[in-house]
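Me: Please take a close look with me at one part of this structure, the surroundings of the ligand. Which residues are there, and how is the ligand held among them?

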Amino acid sequence: MSKFPKDFLWGGATAANQYEGGFAEGGKGINTSDVLTAGSHTTPRRISWKNPETGETGYTGMGFGAEMKFPEGSIPAILEGEYYPSHVATDFYHHFREDIALMGEMGFKTFRLSMNWARIFPNGDDAEPCEAGLAFYDEVFDECKKYGIEPLVTLSHYETPLNLTIRYGGWKNRACIAFFEKYAKTVFRRYLGKVKYYLTFNEINCMEWATFMAGGMMENTPQSRAQGAHNQFVASALAVKAAHELNAESGSDIMVGQMLAYQPMYAYTCDPADQLLIMQNSHGGLFYSDVQTGGHYPAYRLKQYEREGVVLDDTPEDYELLEKYSADFLSFSCYGSSVFTTHMDEVEGGGGNLIMGIKNPYLQTNAWGWATDPACLRIALNTLYDRYHKPLWIVENGIGWDDKKEEDGSVHDSYRIDYLRANIASMRDAINLDGVDLMGYTMWGCIDLVSAGTGEMKKRYGFVYVDRDDQGNGTLARSRKDSFYWYKKVIASDGEDLS
Ligand code: BGP
């Protein structure tokens, strides 16, 4: 059995909107994620709104197939008596020392977390950053250092300061570019020597189907999606530029990566019409990496914009920036594969959620319909490496399960170990057999946290169980699952011992 490279970055991943809590502490402002309700596998999460003039309140869908429609005069708002999972989440804000110690015990080399944008700039457009917010992350990074853990920081993981949505319309407005650039520059400088790896926007291609979550926008049209993505591309390029300039000035070696949601897609039949459909659907995601990592707008997307009547508010300098400051590396999330067909009358049921296509008869699924497909990780790694020849990093992979905690606090999650064993072996093959340059692996939701898609607690991913339920009850106590000990052994053996 071949090993992983010695400097391979083993670890786990989280995001502030699902993990951090501390909603009204340390001068933090409100984010778009703070107005999302809880849902379930069958009931979609919603955005709550209020009309400040009339006092009327209500809810709208947030995408993923549920229509988003804000009534005239209404704005996203927190409603009294409503439960919002992000407000406490699993309370990293008050448990970070304990959680990072647990990561240290597992031997983590890296920890992916997102910085809560509104903790640093409460309104997004503030003249000065919030010192309490900056100081919080100083403590977090100092704690990581104690255990030799390298932070991997996502600057915006499904959250935008809500003021930017209300006042500017979110990312469709070019004003957001400068706000983000200032935020990036502020944190790069503040955490110089403490943080080396950054990602700009989590799953930037989520802009294709959930514009509120991905872009803080209250509308979802071809024009707003295209402009929101364009503005985020330019903002990402400016972040890369700022990091490179700081490196030149200070001798630091900050790297800024892209983060893409990527799942290989399979055709259900060998009908050429199905292959064409797969090609087109794949373009939906690859467009985002073609621009941010590849440095150019691909022709297929420009043609699509022509057909849709989309006209970008852009400048010639935008395209120079995109080319010159493409991402230093490409990170991605990959949980499984999806299947699509033009023969919908011949197939059975759905595959997890709307963007996941139909059920694959060769694969097992979890309770949420997500298919387990270890081979797809090797396929994903090869596809992305062949296309861009840049270092890759798997920053999300894992399996959601309604774990049962025993009386003594233990959780026997053999299904999780089986999933991870097969996925890690597939990744090892991509490195050793195919020569893919893979920097690291951060298993998603290493400490239990709230599901982004459903807002549930019971869709758990972690090595560590957190005592909290879907209604917000529980002590928040942490306990080690069987997978905790297993992953510790994997890391200690550089990925050689997967037994
Ligand atoms: C990705 C998100 C994460 C995470 C994960 C699992 O799309 O980047 O935030 O939540 O998916 O999805 P879910 O939480 O819906 O199970």
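Reply: Here is a walk around the ligand, from its neighbours to its contacts and its buried surface.

This is a predicted model, where local features need pLDDT of at least 70 and side-chain atom pairs count only at pLDDT 80 or more, while totals for chains, interfaces and linings use all residues. Residues are numbered from 1 along each chain as its sequence is written, and side-chain values use heavy atoms, with hydrogens and water left out.

Let's begin with the neighbours. The ligand is surrounded by 14 residues, each with a heavy atom within 4 Å of it. E203, A452, G453, K459 and Y461 are the closest of these. The shell is mixed in character: six of its residues are nonpolar, five are polar and three are charged. In this scheme Gly counts as polar, and G453 is among the closest neighbours.

Now for the polar contacts (pairs of N or O atoms within 3.5 Å). An N or O atom in the side chain of H157 lies 2.8 Å from an oxygen atom of the ligand. The side chain of N202 also has an N or O atom facing a ligand oxygen, here at 2.9 Å. A452 takes part through its backbone: one of its polar backbone atoms is 2.7 Å from an oxygen atom of the ligand.

How much of the ligand's surface does the protein bury? On its own, the ligand exposes 370 Å² (Shrake-Rupley method, 1.4 Å probe), and 92% of that is buried by the protein.

Note on methods. A polar contact is a pair of N or O atoms within 3.5 Å; within protein, one must be able to donate a hydrogen and the other to accept it, and residues adjacent in sequence count only if both atoms are side-chain atoms.
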